[in-house]
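This report introduces a protein structure to a reader who has not met it before. Please keep the sequence and the three-dimensional view at hand while reading.

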Amino acid sequence: MDQMRKSLHLFAVSLMALILASCGDDKPQEALIDNSQEKLDYYAANPDFFTYASVDDLPTDLIWEDGSNLPDIGSPNAKKGGTWHERVQDYPRTLRTLGPDSNGFFRSYIGDYARLQFVHDHPDPGDDAFHVYPGVALEWAADRENKTVYCRIDPDARFTDGEPVTVDDVFFTFYFMHSKHITAPWYNDYYSTFFTNITRYDDHTFSVSVPEARPDMVYRALSFTPFPEHFFREFGEDFVERYQWRYVPSTGAYVVNEEDIEKGRSIALTRVKDWWAKDKKFWRNRYNPDKIHFTVIRDAAKAFEAFKRGELDRISLNLAEFWYDKLPNTDDIVQSGYIHKSVFYNQRPRPTYGLWINQSKPLLDNQDIRIGISYASNWDHVIETFFRGDYVRMRTYSDGYGPFSHPSLKARSFDFEKALEHFAKAGFVERGADGILVNAEGQRLSFTLTTGYESLKDVLTILKEEAQKAGLELRIEVLDQTSGWKKFQEKKHDIMFTAFATFYEMYPRYWEYFHSDNAYEAAFLEDGTPNPERELKTQTNNATETAIQELDALIEIYRHGEDADEMIALAHQMNEILYEDASFIPGFVQPFYRTGHWRWTRYPETFNTMHSSNDFQHFVHWIDEDLKAETLAARKSGETFPPQVNVYDQYKDQ
């Protein structure tokens, strides 16, 4: 029945497109495309990857799991309803979640945070082990010997437009991710390299085979979300433009309606009525607001004032300036109990805040220059002054991964004499009249330091002032978040102060960020020497343009590793190479997050999950409309409530 319904839907969509195309509308019409045959031809041309079987072919000795032994997520006291008012720094440039310009802040709300994968890593399992729980999957089974994971799709699973999720959508997802049309090399490589086969057994049963039985094989095999085959009938080489502002139906709880798109000003998510997972364990206490309204407020100070006026329901108070000065515990609005303050200590892989040095730029290809910049970067001073001593220094690229993090390696501390020593090795000995080093050719030791974090611009000022002691000039460039990320992805930066988002997973990734495949086209010649004609590869995450053959070889072994102990040893060795390369300079770690929220914005009793990166990642909060009415009335009458400044330190390092 599901398959018949899908066929009828596709016929109706095609018929409607033809009717609209024949109407006498003066608006230019996009060319009609039907990729049905191209898709089928692709399956037929890759029979080893796309396989058809029957349920009788399923192994009889499979042990099926469903994660039902794991604790639920969220609070049973959560209430549905209300509108959650949030801020974005800049307007999203697209509603696509992949391809050019798709990596902005809003992507998380329509992608990573919001869509259900087949399985998810449990953010609060009650122990230190790595566990998965079901999303779109009903149950799964692992065959480690044959490197295959079997999955049964929950028959209740639906896309946000009401269409059922079937194995046809899974097949389409791989066709989609393999296609060059999406202009997303990372996804092309990942879905082509990390999967070797997908087999269809019936509408709701499939298997995925992978090259290696990695320690977290089930998660690696099933931690993806299906894309709706019926929606992408027109998928083709103009994908980027055609789907720029089309909201893709997902397995999640929210949709973007056309009437809620006010370009440059605001955008909103609306909760799907009768969402298919609303009563299911792990999901029933989450995604509680009926609507999430995002207003563009570019300036952090203006956003804070909007929050204090009650126009935003919560705001990050991670910056010491906001926590201690702009909203101190003694503030009347806190003492009156209208706004609550919360600190939550978490345990998770740490975002890679630091300096990302582009080795393809002049002078920055010199290792001594990069090491000198490392010694000239006074992060301890940043932490003590800007962050009031609350943060700690990041040690390596991969902090927060348990045994996979290096046990003893530490980032270089500020030492301007050592910086001068390395700058001298690179030919920078004499200082100019302004104190900046100059080489024999008259080149100044000067680079542009870019960031997309307007709220952290003072961090750059501190780094600039301290670097001058070592004869290094850093020219500060502060862009909006989207423009900054665009420059970073296009590899046009000298030095970028930014961080890659991290998610809770068993072990860190190196290929995406440091393998030469993501730095250059044809990085090396056959004899192993650098290719003098190599060209930058943009739209990848190797923003340092790191290309080291020894590191490439280790990454390949690690990337395909099955033994956890061997992978741990490789991770430590790779971190040592990255330390010597000095293209990434570790900055700081924030071992907690701090939030200000109006009294009506509620959280579970324990506030959040152990592995959460912020207070909204897992959508366990809710808006209490009764408390909102009570609080607003109290503000008018002068009634007050007990102040709430809470510290949740149950997961704090001891």
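The text below treats helix packing, salt bridges, two histidines and two residues with unusual backbone angles. The model is a predicted one.

**Helix packing**

Two packed helices are described by the angle between their axes and the distance between the axes. Two helix pairs are described here, beginning with the pair that involves α17.

Helix α17 spans residues 549-559, and helix α18 spans residues 564-581. Their axes lie 10 Å apart, and the packing angle is about 155°. Because angles over 145 degrees count as roughly antiparallel, α17 is roughly antiparallel to α18. The crossing of these two helices is left-handed. On the α17 side, the contact is made by E550, L551, L554, I555, I557 and Y558. On the α18 side, E566, M567, L570, A571, Q573, M574, I577 and L578 take part. By character, the residues of this contact comprise 11 nonpolar, 1 polar and 2 charged.

The second pair consists of α11 and helix α13, the latter covering residues 416-425. The axes of α11 and α13 cross at roughly 165° and come within 8 Å. This angle makes α11 roughly antiparallel to α13. Here, too, the crossing is left-handed. From α11, the residues D368, I369, I371, G372, I373 and Y375 meet F416, K418, A419, H422, F423 and K425 of α13. The residues of the contact between α11 and α13 divide into 7 nonpolar, 2 polar and 3 charged.

**Salt bridges**

How many salt bridges does the structure hold? The count is 42. Three of the pairs are set out in the table.

| Pair | Closest N to O distance |
|---|---|
| D112 and R107 | 2.7 Å |
| R370 and D581 | 3.0 Å |
| R444 and E473 | 2.9 Å |

In the salt bridge between D112 and R107, the partners can be described by their accessibility. D112 is partly exposed, with a relative accessibility of 35%. R107 has a relative accessibility of 10% and therefore counts as buried.

The salt bridge between R370 and D581 joins two helices. R370 lies in helix α11 (residues 367-375) and D581 in helix α18, so the pair ties together parts that are 211 residues apart in sequence. Both R370 and D581 are buried. The two helices of this bridge have appeared above: α11 packs against α13, and α18 packs against α17.

R444 and E473, joined by a salt bridge, likewise link distant parts of the chain, being 29 residues apart. R444 is located in the loop between β18 (437-438) and β19 (446-451), while E473 belongs to strand β20 (residues 473-478). The relative accessible area of R444 is 33%, so R444 is partly exposed. For E473 the corresponding value is 18%, which makes E473 buried.

Salt bridges also form a network, which links D216, R220, E505, R509 and E512.

**Two histidines**

Where is H230 placed? H230 is in the loop between α6 (217-222) and α7 (239-242). Is H230 buried or exposed? With a relative accessibility of 4%, H230 counts as buried, since the cut-off is under 20%. Although H230 and S36 are 194 residues apart in sequence, their C-alpha atoms are 9.8 Å apart in space.

H293 lies in strand β12, which runs over residues 291-296. With a relative accessible area of 26%, H293 is partly exposed. Apart from its neighbours within four places in sequence, H293 is in contact with T83, W84, H85, E86, S266, I267 and A268. The separation between the C-alpha atoms of H293 and A569 is 46 Å, and these two residues are 276 residues apart along the chain.

**Residues with positive phi**

Which backbone feature does T183 show although it is not a glycine? T183 has a positive phi, of about 50°. T183 is placed in the loop between α4 (167-178) and α5 (185-193), and at 37% relative accessibility T183 counts as partly exposed.

R388 is not a glycine either, and its phi is positive at about 55°. The loop between α12 (379-385) and β16 (392-393) contains R388. R388 has a relative accessibility of 36% and so counts as partly exposed.

How values were computed: Residues are numbered from 1 along each chain as its sequence is written. This is a predicted model: local features need pLDDT of at least 70, side-chain atom pairs count only at pLDDT 80 or more; totals for chains, interfaces and linings use all residues. Side-chain values use heavy atoms; hydrogens and water are left out. Axes are lines fitted to C-alpha atoms, for helices over the stretch in contact, and angles run from 0 to 180 degrees between N-to-C directions. Helices (H or I, at least four residues) and strands (E, at least two) are DSSP runs, numbered from the N terminus. Angles under 35 degrees count as roughly parallel, over 145 as roughly antiparallel, 65 to 115 as roughly perpendicular and the rest as oblique. A crossing is left-handed if the near helix is turned anticlockwise from the far one by less than a right angle, and right-handed if clockwise. Contact means heavy atoms within 4.5 Å. Ala, Val, Leu, Ile, Met, Phe, Trp, Tyr, Cys and Pro count as nonpolar, Asp, Glu, Lys and Arg as charged, and the others, Gly among them, as polar. Buried means under 20% relative accessible area, exposed over 50%, partly exposed in between (1.4 Å probe, protein chains only). A salt bridge is a side-chain nitrogen of Lys or Arg within 4 Å of a carboxyl oxygen of Asp or Glu.
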